[in-house]
Amino acid sequence: MVKICCIGAGYVGGPTMAVIALKCPSIEVAVVDISKSRIAAWNSDQLPIYEPGLDNVVKQCRGKNLFFSTDVEKHVFEADIVFVSVNTPTKTRGLGAGKAADLTYWESAARMIADVSKSDKIVVEKSTVPVKTAEAIEKILTHNAKGINFQILSNPEFLAEGTAIQDLFNPDRVLIGGRETPGGQKAIQTLKEVYAHWVPEERILTTNLWSAELSKLAANAFLAQRISSVNAMSALCEATGANVKQVSFAVGTDTRIGPKFLNASVGFGGSCFQKDILNLVYICECNGLPEVAEYWKQVIKINDYQKSRFVNRVVSSMFNTVANKKIAILGFAFKKDTGDTRETPAIDVCKGLLGDKARLSIYDPQVTEDQIQRDLWMNKFDWDHPIHLQPTSPTTEKKVSVVWDAYEATKDADGVCILTEWDEFKNLDYQKIYDNMRKPAFVFDGRNIVDMDKLREIGFIVYSIGKPLDPWLKDMPAVA
Ligand code: NAI
């Protein structure tokens with residue numbers, strides 16, 4: 001029986017391995033992690049991450065051919081294929097700080113693999129890593145190998161949170177990069193056979209190692225670039241009276257462009273886009289390509305601009321001050337159908353409003369109070385390190401309350417900011433919300449999900465990104 005071990009039981013390792021176990025009953029899969037609480041949660045009824053359909057997949061194979069364990073060394077020792085899906089944060093100190101990927105966790109995983117292995121293994125990069133990481137990993141492994149043969153493959157993950165199970169069941173493509181040697185090609189074939197249990201052969205792409213590593217960074221950069229492009233247009237729409245929904249629909253009908261990922265919003269978030277683009281920028285700089293680096297940097301700058309533009313709209317509309325006003329924040333996760341808050345635009349928007357002394361009442365159907373409080377007091381990039389390495393937050397901030405109901409959050413509020421596109425926010429009783437708010441009552445829709453006309457009829461002053469401005473907002477300056 002082929003044995004797979006995956007180091008890192010996070011948003012990628014957990015769902016990916018659960019689907020491999022489900023689709024390949026003849027393979028035994030162990031997912032291991034240094035975090036005891038995370039593994040305990042994977043072994044309980046309350047999985048550590050929220051992902052539609054995940055519960056069902058885990059329940060079908062856990063205890064049969066899918067195991068979650070903290071005994072990292074035992075499972076690595078036994079495995080034929082070791083996936084490494086640990087976090088690869090942005091460096092916060094030293095060379096490349098604020099841009100380069102921090103490979104501390106990756107390196108310690110590689111050293112441990114070399115230490116405990118007594119048989120040949122295929123080591124698969126599942127984490128998103130800088131180009132040429134495989135070379136470094138190969139050196140660590142071979143210099144500590146004691147005669148054991150390690151083959152390194154790059155198999156970046158393209159799943160999107162919120163649709164991870166669907167994406168894993170039916171991927172656009174699976175990408176496997178390996179060395180162009182007979183040993184490398186044999187390893188590629190072995191991994192290909194795992195995916196071939198459910199993925200059509202023509203969707204399994206094989207490349208050299210560097211192409212696979214770079215393709216993942218490139219794909220994330222292209223995706224984020226589409227969002228920044230439409231967000232840049234949204235600012236121009238507001239200035240000219242165009243409607244960004246109409247513009248993006250018209251643009252997206254061109255088959256060369258396509259309609260997906262063209263929704264204007266308060267900005268992109270998630271653990272990957274910013275981190276991977278910063279990493280790409282750093283790699284370009286290191287390779288003497290400052291113009292290319294500048295080009296990609298702009299994608300992040302527009303994202304930051306969009307978030308501060310939103311905050312400025314809120315403040316300027318409310319008579320240029322939100323001091324001591326209650327603002328309801330609906331949605332904190334970086335997108336719907338996930339509880340993940342890493343790099344969510346809600347953090348910057350909330351910090352911006354708190355900087356202007358607002359009082360916030362936050363509601364998200366999947367994010368806990370503890371998480372929100374931690375996110376709001378954490379330094380940039382600290383979120384991607386284990387909890388015990390993160391600075392502790394100061395005493396709970398009185399200006400932020402977290403509630404479990406949208407009506408509670410909006411009660412007596414002066415304004416409502418919609419920051420995540422949860423379906424339930426589309427169908428709220430906005431008349432009831434209006435009746436319980438202070439007047440004039442404002443709605444700032446950062447995801448373009450509400451019916452502006454209906455809300456205006458109720459009496460709200462409405463701002464929706466990239467849509468023609470309410471007469472109220474027209475005279476209010478909102479330049480970032
Ligand atoms: P995560 O932070 O949810 O999970 C990483 C896990 O690795 C943590 O539970 C941590 O405790 C564990 N870990 C760290 N060092 C370890 C070690 N030495 N031994 C055992 N366990 C260790 O991160 P996530 O989101 O799963 O991402 C992992 C990688 O996948 C990153 O490189 C990310 O860029 C990439 N990725 C993430 C996607 C996403 O949507 N979250 C999508 C595609 C790729």
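This passage describes two sheets, the elements packed on them, and selected side-chain pairs in a predicted model.

One sheet is open and has eight strands, in the order β3-β2-β1-β4-β5-β6-β7-β8, with mixed pairing. Its edges are formed by β3 (66-69) and β8 (204-208), each of which pairs on one side only. From one strand to the next, the twist averages 25°.

Within this eight-strand sheet, β4 has β1 and β5 beside it in the strand order. Strand β4 (residues 81-84) and strand β5 (residues 121-125) run parallel and are joined by four bridges. Val84 has Glu125 as its bridge partner in β5. Helix α5 (residues 104-116) packs on the sheet and touches β1 (3-7), β4, β5 and β6 (150-154). The direction of α5 makes about 165° with that of β4. The pairing of β1 with β4 is likewise in the parallel sense, over four bridges, and Ile7 stands opposite Val84 in β4.

In a regular strand, side chains alternate between the two faces of the sheet. The residues of β4 can be described by face: Ile81 and Phe83 lie on one side, and Val82 and Val84 on the other. These four residues are all buried, and both faces of β4 are covered.

The other sheet is also open and consists of six strands in the order β11-β10-β9-β12-β13-β14, with parallel pairing. At its edges stand β11 (400-402) and β14 (461-464); each has a single partner strand, so one side of each is left without a neighbour in the sheet. The twist here averages 15° from one strand to the next. The partner of β11 is strand β10 (residues 359-363), and the two pair in the parallel sense over three bridges. Across this pairing, Ile362 stands opposite Val402 in β11.

Two helices are considered with the six-strand sheet. Helix α12 (residues 290-317) lies across β9 (326-330), β12 (415-418), β13 (442-445) and β14, and runs at about 170° to β13. Helix α13 has the buried residues Pro345, Ala346, Ile347, Val349, Cys350, Leu353 and Leu354. These buried residues pack against α12 and α14 (369-377), and also against the strands β9, β10, β11 and β12.

Lys357 is located in the loop between α13 (345-355) and β10. Just after α13, this residue takes a positive phi of about 70°. Lys357 counts as exposed because its relative accessibility is 52%, the cut-off for exposed being over 50%. Thr321 is 36 residues from Lys357 in sequence, and the two are 8.5 Å apart in space, C-alpha to C-alpha. With neighbours within four places in sequence left aside, Lys357 is in contact with Val322, Ala323, Asn324 and Lys399.

A further loop position carries an annotation. Cys272 is listed by UniProt under "active site", in an unreviewed entry. Cys272 is placed in the loop between α10 (244-252) and α11 (273-286). With a relative accessibility of 27%, Cys272 counts as partly exposed.

Aromatic side chains form 13 pairs in the model. In the pair formed by Phe268 and Phe273, the ring centres are 5.6 Å apart and the planes stand at 75°, so the pair is edge-to-face. Both rings belong to buried residues: Phe268 has a relative accessible area of 6%, and Phe273 has a relative accessibility of 12%. The rings of Phe442 and Phe444 have centres 5.8 Å apart and planes at 5°, and the pair is therefore stacked. Phe442 and Phe444 are both buried. Ring pairs also link these two residues with Phe319 and Trp472 into a cluster.

Charged side chains are placed over aromatic rings as well. Lys23 lies over the face of Phe169, at 4.4 Å from the ring centre. Arg173 lies over the face of Phe158, where the distance from the ring centre is 3.7 Å.

Definitions and conventions. Residues numbered from 1 in each chain as written. Predicted model: local features only at pLDDT ≥ 70, side-chain atom pairs only at ≥ 80, totals over all residues. Heavy atoms only, no water. Phe/Tyr/Trp six-rings, centres within 6.5 Å; stacked < 30°, edge-to-face > 60°. Buried < 20%, exposed > 50% of the residue type's maximum accessible area, 1.4 Å probe, protein only. Lys NZ or Arg CZ within 6 Å of the ring centre and 35° of its normal. Pairing = 2+ DSSP bridges. Axes fitted to C-alpha atoms, helices over the stretch in contact; angles between N-to-C directions. Contact = heavy atoms within 4.5 Å. UniProt positions renumbered as here; feature names shortened; annotations may be inferred.
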